[in-house]
Amino acid sequence: MNWPDQPDEWLSRGSLLGSWVAELEGRLVGHVSLSQGGEGDLAPMLWSERNGATRGMTAVVSRLFVAPQARGHRIGALLIGQAVEEARHRGLHPVLDVVTSDTAAAALYERLGWTLMATVEQQWSPHQTVAIRCYTAPS
């Protein structure tokens, strides 16, 4: 939806804990990352406030995408599952943010049992404010 000008920097920035790709019939069809929360990540702040914990006890699932031609193969669910497994292995609670306009992603997270914590507005640039849905993984 908002593809960056420099995708390699977008995919690898921040405090990366891990990233995974998916292949289907020898073709790269998906990606997900797991990182420590950064300055602009809202979900870690919300989760920590609600649970009396520090933001450092969370891991942010992000940079999830699945190629349109590969949708319907549970690739998104598998990638999210891998990131959640890694977060739990590290003793961290998975959270994520998604723009409200990405209804397909929100539906996926909710099907997987993620809980909506809040919908908030975030300033992405001086001229762009977006509404963000903040989710927490099932316990």
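Leaving out neighbours within four places in sequence, Thr 58 touches Gln 36, Pro 44, Trp 47, Leu 92, His 93 and Val 95, where contact means heavy atoms within 4.5 Å. This is a predicted model, in which local features need pLDDT of at least 70 and side-chain atom pairs count only at pLDDT 80 or more, while totals for chains, interfaces and linings use all residues. Residues are numbered from 1 along each chain as its sequence is written, and side-chain values use heavy atoms, with hydrogens and water left out.

Back to Thr 58, which sits in strand β3. Helices (H or I, at least four residues) and strands (E, at least two) are DSSP runs, numbered from the N terminus. Is Thr 58 buried or exposed? Thr 58 counts as buried because its relative accessibility is 0%; the cut-offs are under 20% relative accessible area for buried, over 50% for exposed, and partly exposed in between, with a 1.4 Å probe and protein chains only. The side chain of Thr 58 also gets to the backbone oxygen of Arg 55, at 2.7 Å. That is a polar contact, meaning a pair of N or O atoms within 3.5 Å; within protein, one must be able to donate a hydrogen and the other to accept it, and residues adjacent in sequence count only if both atoms are side-chain atoms. Gly 37 is 21 residues away along the chain, yet its C-alpha lies 7.1 Å from that of Thr 58.

Now for β3 itself. The strand is largely enclosed by the rest of the structure, because 7 of its 9 residues are buried. On one pairing, β2 and β3 run antiparallel, joined by 5 bridges, and Gly 30 stands opposite Val 66 in β3. On another, β3 and β4 are parallel and share 3 bridges, with Ala 59 partnered by Pro 94 in β4. Strands pair here if DSSP finds at least two bridges between them.

Between those parallel strands comes a helix: β3, α3 and β4 form a right-handed β-α-β unit. Right-handed means that, with the strands pointing away from the viewer, the path from the first strand over the helix to the second runs clockwise. Helix α3 covers residues 75-89, so 15 residues, and spans 21 Å from first C-alpha to last, close to the 21 Å expected, taking the expected span as 1.5 Å times one less than the number of residues. Its buried residues include Ile 75, Leu 79, Ile 80 and Val 84. What do the buried residues of α3 pack against? They meet β1 (16-24), β2 (27-35), β3, β4 and α4 (103-111).

Helix α2 (residues 42-51) has its own buried set: Leu 42, Ala 43, Pro 44, Leu 46, Trp 47 and Ser 48. Among the elements covering them are β3 (58-66), β4 (93-99), β5 (115-125) and β6 (128-136). Pro 44 and Trp 47 have already turned up as contacts of Thr 58.

Finally, a few positive phi values:

| Residue | Place | Phi |
|---|---|---|
| Gly 52 | just after α2 | about 60 degrees |
| Gly 91 | just after α3 | about 75 degrees |

Glu 25 and Arg 74 join them without being glycines. Glu 25, with phi near 55 degrees, lies in the loop between β1 and β2 and counts as exposed at 80% relative accessibility. Arg 74, with phi of about 65 degrees, is in the loop between β3 and α3; its relative accessible area is 56%, so Arg 74 is exposed too.
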